[in-house]
Amino acid sequence: MGGTGGPEWLIREDAGQPVLLALYLRQVLGIRSPDELPHLRGIPPRGNDRSEEAQALLERQWREYWAMTVEPTAHPSPVPLELVDGFETLVALPSEGSDVLRSAIIPHAAEALAFSQSAHERYRKDAAAKPGVSYRAYASAIAEHERQVGRRAHSFELNVQVLPLTQRGVWWIGSLTIAVTDGLRGDVVAFDAAIHPIIAELA
């Protein structure tokens, strides 16, 4: 996206199955981090009956998995990755140092996979029903930013994950990645206002 010869901007929007899976697992395992990100709708959060030490270890392994899932190129694993049984090719964990997380998530594979497939499919259908809407939303925010600052936007990349979260809003979940609630993404005026500060930060 962007004009030829000038600065380039690249925005990728999705409701990625790996991200949806990671958030489903976060909820059913009773993991708090990232603290600021709301829960997924319709998934009851789990009460935590682990010791403080066991919980801290699980959370640490999940955070590493989350970072690799959201921005894999920015967070490469120092050891080879191995696929986890029951998750098709959507969950790969480091072959060392993630045993606690691996054994905790395996019992949830079937329902986690089903949830991520259905949420991804819903997003895909919504996007297909409104071709061009996605591009226009970002292009108009960039044009408005250029008017305000009186120059062309700098080249930038942004990944947008559209997720069925319990609260409306936009959250940074990586250095180049934001999460936005599906309801907010579908509200043209509110999304325009919400994406402006993000564009201003990058462009």
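**Exercise 1.** What should the 19 residues of helix α2 (residues 52-70) span, and how far apart are its end C-alpha atoms?

*Background.* This is a predicted model, where local features need pLDDT of at least 70, side-chain atom pairs count only at pLDDT 80 or more, and totals for chains, interfaces and linings use all residues. Residues are numbered from 1 along each chain as its sequence is written, and side-chain values use heavy atoms, without hydrogens and water.

*Solution.* Helices are DSSP runs (H or I, at least four residues), as are strands (E, at least two), numbered from the N terminus. The expected span is 1.5 Å times one less than the number of residues. For α2 that gives 27 Å. The end C-alpha atoms are 26 Å apart, which agrees.

**Exercise 2.** Find what the buried residues of α2 pack against.

*Solution.* Buried means under 20% relative accessible area (1.4 Å probe, protein chains only). In α2, the buried residues include Leu-58, Trp-62, Tyr-65 and Trp-66. Now look for contacts (heavy atoms within 4.5 Å). The partners are α1 (17-28), β2 (81-83), β3 (92-94), α3 (99-105) and β6 (177-181).

**Exercise 3.** Describe how α1 packs with helix α4 (residues 109-129).

*Solution.* Fit axes as lines to C-alpha atoms over the stretch in contact; angles run from 0 to 180 degrees between N-to-C directions. The angle is about 135°, and the axes are 9 Å apart. That makes α1 oblique to α4. Oblique is what remains after under 35 degrees (roughly parallel), over 145 (roughly antiparallel) and 65 to 115 (roughly perpendicular). Among the residues that meet are Leu-20 and Tyr-24 in α1, and Phe-115 and His-120 in α4.

**Exercise 4.** Which residues does a cis peptide bond join?

*Solution.* The bond joins Ser-33 and Pro-34, with omega about -10°. Pro-34 lies in the loop between α1 and α2.

Conventions: Buried < 20%, exposed > 50% of the residue type's maximum accessible area, 1.4 Å probe, protein only.
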